[in-house]
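Me: Please take a close look at a single part of this structure and describe how that part sits within the whole. A connected account would suit me best.

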Amino acid sequence: MEEPLSAGHPVQAAIALPVTLVIALAGCAPVALQTGWNAAQLTSLGGTLQLPGDVPLPDRTEVLAGQLVIRADFPLAGQHRLVRELDGLRVDVSQELGLPVSDEPVHLYLFETTDRYDEFVSRHYPGFPARRAFFVETDTTLSVFAAWQDRIAEDLRHETTHGYVHAVVPTVPLWLDEGIAEFFETPRSSHGLHAGHVAHLAGRMLEGTWRPDLQRLEALSTAGDMTQDHYAEAWCWVHWLLSTTPERRELLQNYLTDVRRDPATAPLSARIRRELPDSAQATDAVKRHVAELAAVPAAL
Ligand SMILES: [Zn+2]
């Protein structure tokens, strides 16, 4: 997602019911939920939870696709191209990141109209800023909520990636969580190349108003602190690590494996400094990476 208000990231939010949510919002800002809502109930009740005056969850169609349990307001074929794509994304995420696949369900709730979706969000997240889609993690469930609109494919690739990653690495750092989701929200044929972010960063470099700083990204603790620059840069580091040399790719994969085992693993910037032969020039290398991508119009 290109706009800061439409990309997603995880936020710790305490709610009235005894559930702590990690929320990844399409474009997110920190949200303190003001009313109780136990996401675990949504799935434990088969998606039919009804509160007085409530907006029902989508339940007209249920499609099972690998790890995904998709419920929609409208007829949705199991062989719909987007369903197949989201199912296939599971293996892409696993292979690119060197992570195992999980069988933990990722629940996708697809609202037929933006009005229905907005109504649901305002009922369960009063005061919630406008979002096209978001991801919610509780101790027991991984759920994505989205309205069926023009950018649904990009939104679902982004949010479903959060689901696949959180199923195996629940404590992935905020900036990396978003960088990975931005990488995989692009169409499969783009191989993670996000034209919008390349153009944004290249423009910033021309203005002289941006230079990469991984430690600055690592210091971000809430989604609300993430600007479009941060989303674009998070994507850029992930793309640079995954798409340039086998050593860099392995470094990111090893880091994720370690974070999976030990959430207190030292930050990625420390590992880059320690392990990459050109670590001192990593920042310049990332700048060159942006410039090279921006110089290939065919790639964009
Ligand atoms: Zn996100």
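The account that follows concerns one loop residue and the core of the chain.

Reply: The model is predicted, and the part examined here is Leu 220 with its surroundings. The protein chain as a whole has eleven helices and seven strands. Of its 300 residues, 42% are buried. Among contacts between residues at least 6 apart in sequence, 63% join residues at least 24 apart.

Leu 220 belongs to the loop that runs between α7 (214-218) and α8 (228-243). Leu 220 counts as partly exposed because it has 18 C-beta neighbours inside 10 Å, whereas a buried residue needs 20 or more. Setting aside residues up to four places away in sequence, Leu 220 touches Leu 174, Trp 175, Asp 225, Met 226 and His 230. For the pair Leu 220 and His 230, ten residues apart in sequence, the C-alpha to C-alpha separation is 9.2 Å.

The helix that follows this loop, α8 (228-243), leads on to the largest nonpolar core, which has 64 residues. Those with the most contacts inside this core are Leu 108, Leu 110, Val 144, Cys 236 and Trp 237. The element that gives the most to the core is α8, with nine residues. Domain 1 (4-171) and domain 2 (188-299) both supply residues, so the core lies between them. In soluble globular proteins, nonpolar side chains tend to be buried together.

Cys 236 can be followed further: apart from neighbours within four places in sequence, Cys 236 is in contact with His 197, Leu 201, Pro 212, Val 286 and Val 290.

Key: Residues numbered from 1 in each chain as written. Predicted model: local features only at pLDDT ≥ 70, side-chain atom pairs only at ≥ 80, totals over all residues. Helix = DSSP H or I, 4+ residues; strand = E, 2+ residues; numbered from the N terminus. Buried ≥ 20, exposed ≤ 12 C-beta atoms within 10 Å, placed from the backbone. Contact = placed C-beta atoms within 7 Å. Core = buried A, V, L, I, M, F, W, Y, C linked by C-beta atoms within 7 Å. Domains from an automatic or database assignment.
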